[in-house]
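Thanks for making the time this morning. I would like to walk you through one model, starting with the ligand and then moving outward into the fold.

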Amino acid sequence: MRYLSTRGDEPDLGFNDVLLAGLANDGGLYVPERWPTLVTPSTARTYVERAVEVMLPFVEPDLDEATLTRLCTEAYGTFRHPAVVPLIQIDHRLWIQELFHGPTLAFKDVALQLVGRMFDHVLAERGQRVTIVGATSGDTGSAAIDAVAGCENVDIVIFYPLGRTSDVQRRQMTTVDQPNAHAVAVEGTFDDCQDLVKAMFNDVEFRRRNNLSAVNSINWARVMAQIVYYVTAAEVFSEAVTFSVPTGNFGNVLAGWIAREMGAPINDFVIASNTNDILTRFINDGDMSTRGVVPTLSPSMDIQVSSNFERLLFEMNGRDGGMTAEQLMQFRARGSLELEPDQREQFITGHFRAAAFDDAATLAEIARVRDETGMLLDPHSATGTAAARELCGGDQSTSPVVALATAHPAKFPDAVERATGCSVGLPDHLANLFDLEERTQTVVNDLGAVEALVEQLVSR
Ligand SMILES: *Cc1c(COP(=O)(O)O)cnc(C)c1O
């Protein structure tokens, strides 16, 4: 498989290069030259076996089947449920797929546990070493650190905003006792952290000297790993399903769209947002205009722009990179994106529905699910079930709906307690999180200071 940039100005690459590059040099995102067709009927008996069938066409010839099988076996062996991503029924036509049984309790583990191992494998083969830098508002940082902690060929430095993550999220980053893993608090906001990381990448000298790399949600390999659970869930049902997806950067729901392109029996997608509802406005009213970010109970969905949307836009433009680059330039200049009527008709209507919920509605949904089923949902997952009920519920005769649960309720204990009065304990493997020693440092919001710290941390 070869990969193209969505902005059309880069030579095509194989999987391993795309994995390590993340973003293309023309500013675009990598996409495969074609969507392969799913192997059916599948002979797979386990999640790992189906994962290998689904992903092999994307990684060959760079990775062979035996290597992919080994990496998937190790990655999904860290999940604390034999089904890896189990389905639970909560209403007549509504199921929840629990994506949070990985080591850090968020669905980011599904992709990052595999991507971390792929990085280490490819770097070892090439005799290279990289420094992964990233900014986090919470979930991504802990999942990325856990995925590469102890890897031979990777150093990782994650920046988080001082005092603005939950205690659980911070401790998941700062208590990892591996010499290659570093969590650094920045005296600033999440946006400051992101700007610092961008500035480090733009400092070409610094970037070269430290072999900077990233594992953020625009990395193709992360999207690829997420295709698998859409396939395995859809295949359980005897009719085509609807997925309801709590959405931030559009990475998760894009993976579902690709699964359907590959032939998975999926009807359509419901996009769930919190108060930061750019995608809901876009789907419902054609209005993709940016507004300031409002903090909510579901921080991993507090975004202004959904960066992975660019991959769908590329498809809408008939895979014309020049046209895509042009549309994105206008989006940046005007703060709003306009689609052609036929683009909407072909790609949005009948494929995506959307609903947004503020914090009060999110808490009400957590309380309702707990009353009806006894199950506790985290605030991200609750937007997904709320959207499923609003758009697919009642007497509307629709497909079975699978709402994706993206975080374990114990990751957001305060919201769960506010909604239900229940306190949620951490699962056994994290029960001692509050007894472990934290290893962290604080840095001022200044590029020079941050770069000096990175060099000091990685030059062990
Ligand atoms: C990252 C994240 C999301 C949003 O996923 P996207 O791929 O950015 O759409 C939703 N819920 C949780 C808990 C997350 O960590």
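Before I name any contacts, let me fix the term: a residue is near a molecule if one of its heavy atoms lies within 4 Å of it. Please also keep in mind throughout that what you see is a predicted model.

With that cut-off, there are 15 residues around the ligand, and those that come nearest are Lys108, Asp139, Gly248, Asn249 and Thr406. If we sort the shell by class, we find five nonpolar residues, eight polar ones and two charged ones.

Which atoms of the ligand do the polar side chains approach? For Lys108, a polar side-chain atom is placed 2.5 Å from an oxygen atom of the ligand, and for Ser300 the corresponding distance, again from a polar side-chain atom to a ligand oxygen, is 3.4 Å. Thr406 addresses a nitrogen atom instead, with an N or O atom of its side chain 2.8 Å from that ligand nitrogen. As for how much of the ligand is covered, the ligand taken alone exposes 380 Å², and the protein buries 96% of that area.

Let me turn from the ligand to empty space. Rolling a probe the size of a water molecule over the atoms shows where empty space is left. How many cavities of 30 Å³ or more does a search of the whole structure find? The search returns one, and the largest cavity holds about 30 Å³ of space. Its lining consists of Leu112, Val115, Gly116, Ile132, Ala144, Ala147, Val148, Ile156 and Val215, which by class gives eight nonpolar residues, one polar residue and no charged residues. Two helices, α4 (108-126) and α5 (139-148), each contribute at least two residues to that lining.

Next comes the sheet. Five strands make up an open sheet with parallel pairing, and their order is β8-β5-β6-β7-β15. Because β8 (212-213) and β15 (441-443) stand at the edges and each has a single partner strand, one side of each is left without a neighbour in the sheet. Further in, β5 (residues 130-135) pairs with β6 (residues 154-161) in the parallel sense over six bridges, and to give one example of the register, Val130 has Val154 in β6 as its bridge partner.

I will finish with some backbone geometry that you may wish to look at on the screen. The peptide bond joining Thr40 and Pro41 is cis, with omega at about -10 degrees, and Pro41 sits in the loop between β2 (30-32) and α2 (47-59). Another cis peptide bond joins Glu60 and Pro61, with omega at about 0 degrees; Pro61 belongs to the loop between α2 and α3 (65-77). Lastly, Phe250 has a positive phi of about 75 degrees although it is not a glycine, and this residue is found in the loop between β9 (241-246) and α10 (251-261).

Technical notes
Residues are numbered from 1 along each chain as its sequence is written. This is a predicted model: local features need pLDDT of at least 70, side-chain atom pairs count only at pLDDT 80 or more; totals for chains, interfaces and linings use all residues. Side-chain values use heavy atoms; hydrogens and water are left out. A polar contact is a pair of N or O atoms within 3.5 Å; within protein, one must be able to donate a hydrogen and the other to accept it, and residues adjacent in sequence count only if both atoms are side-chain atoms. Accessible areas come from the Shrake-Rupley method with a 1.4 Å probe; for residues, only the protein chains shown count as cover. Ala, Val, Leu, Ile, Met, Phe, Trp, Tyr, Cys and Pro count as nonpolar, Asp, Glu, Lys and Arg as charged, and the others, Gly among them, as polar. On a 1 Å grid over the protein atoms alone, a cavity is a set of points where a 1.4 Å probe fits but cannot get out, and a pocket is an open set with protein on both sides within 12 Å along at least five of seven lines; lining residues have an atom within 4 Å of a point. Grid points are joined across faces, edges and corners, and a volume is the space filled by probe spheres set on the points. Helices (H or I, at least four residues) and strands (E, at least two) are DSSP runs, numbered from the N terminus. Two strands pair if DSSP finds at least two bridges between them.
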